Amino acid sequence: MSVYKQIFLDLKLALGENIKLVAVSKTKPTEDIKELYDLGQKDFGENYVQELADKYTELPKDIHWHFIGHLQSNKVKYIAPFVELIHGVDSLKLLEEINKQGEKNDRIINCLLQVHIATEETKFGLSEEELLQLLSLINTTQLKFKNVNVCGLMGIASFTDDKQKVRSEFKYLKSLFAKYPQFSMLSMGMSADYKIAIEEGSNMVRIGSLIFGERNYNQ
Ligand SMILES: *Cc1c(COP(=O)(O)O)cnc(C)c1O
């Protein structure tokens, strides 16, 4: 299975300069990633730590690796030396561990706080109240967090055909994002809903199956 090059090129063109494309390559072989890399794509997203670490080892070192899954604190150390952006930070404990590993690796690790915007209960993320609490804590103890850079928000909309519902969830996340002028990145939108996400103000989309084809988890 190879990548949908034309769809990728059309998508890059449609997104333009101001919306970052994170090509979600989870479960896909390194050859597929290399194909897009050769077309100029530098940002790739993965959601399993081991898979990300393996691909990092095998592929060119100028790739920007995004961790987009749910990250367990005890696994931060495996990606801390090289990860470009961690999208799904949703607890103080995790942020503290990222900071600790950032310090060990003598780097500042970019993070997005994940907000729970979907109605499904299985989704990770902070409530608005938890977000406010975490941000005020970060602001009042900045010295403590000198090796993390919280640069924006991330959210996953409900899996539903109800476009209005998806739109209102993105609208809500955008409204939270707008409250914090220090934030620059708003990561929202996947293959099925990226167009709505962009209309609602996303500047970073995470797109997998549209360009890499459907994932087969049984392989
Ligand atoms: C898998 C995944 C994506 C990409 O999903 P597609 O529907 O294949 O585009 C985006 N974001 C997260 C958090 C994911 O886990």
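These are my notebook entries on a ligand site and one loop residue in a predicted model.

**Entry: the ligand's place**

I looked up where the ligand sits. I found the ligand in the largest pocket. I then listed its neighbours: 13 residues surround the ligand. The closest are Lys26, Ser191, Gly208, Ser209 and Arg215. I sorted the shell by residue class. The shell divides into six nonpolar, four polar and three charged residues.

**Entry: polar contacts**

I checked ligand oxygen atoms against N and O atoms of the protein. For Lys26, I read 2.7 Å between a ligand oxygen and an N or O atom of the side chain. For Ser191, the side chain again supplies the N or O atom, and the distance to a ligand oxygen is 2.5 Å. For Ser209, the partner is a polar backbone atom, and a ligand oxygen lies 2.7 Å from that atom. Next I looked up the ligand's cover. Taken alone, the ligand exposes 390 Å². The protein buries 89% of that area.

**Entry: Pro81**

I turned to Pro81. I placed this residue in the loop between helix 4 (76-79) and strand 4 (85-89). Is Pro81 buried or exposed? Neither term fits: its relative accessible area is 42%, so I logged Pro81 as partly exposed. The cut-offs behind that call are under 20% for buried and over 50% for exposed.

I also took one C-alpha distance. Pro81 and Ile108 are 27 residues apart along the chain. Their C-alpha atoms are separated by 10.0 Å.

Note on methods:
Residues are numbered from 1 along each chain as its sequence is written. This is a predicted model: local features need pLDDT of at least 70, side-chain atom pairs count only at pLDDT 80 or more; totals for chains, interfaces and linings use all residues. Side-chain values use heavy atoms; hydrogens and water are left out. A residue is near a molecule or strand if one of its heavy atoms lies within 4 Å of it. A polar contact is a pair of N or O atoms within 3.5 Å; within protein, one must be able to donate a hydrogen and the other to accept it, and residues adjacent in sequence count only if both atoms are side-chain atoms. Accessible areas come from the Shrake-Rupley method with a 1.4 Å probe; for residues, only the protein chains shown count as cover. On a 1 Å grid over the protein atoms alone, a cavity is a set of points where a 1.4 Å probe fits but cannot get out, and a pocket is an open set with protein on both sides within 12 Å along at least five of seven lines; lining residues have an atom within 4 Å of a point. A molecule sits in a cavity or pocket if more than half of its atoms lie within 2 Å of its grid points. Ala, Val, Leu, Ile, Met, Phe, Trp, Tyr, Cys and Pro count as nonpolar, Asp, Glu, Lys and Arg as charged, and the others, Gly among them, as polar. Helices (H or I, at least four residues) and strands (E, at least two) are DSSP runs, numbered from the N terminus. Buried means under 20% relative accessible area, exposed over 50%, partly exposed in between (1.4 Å probe, protein chains only).
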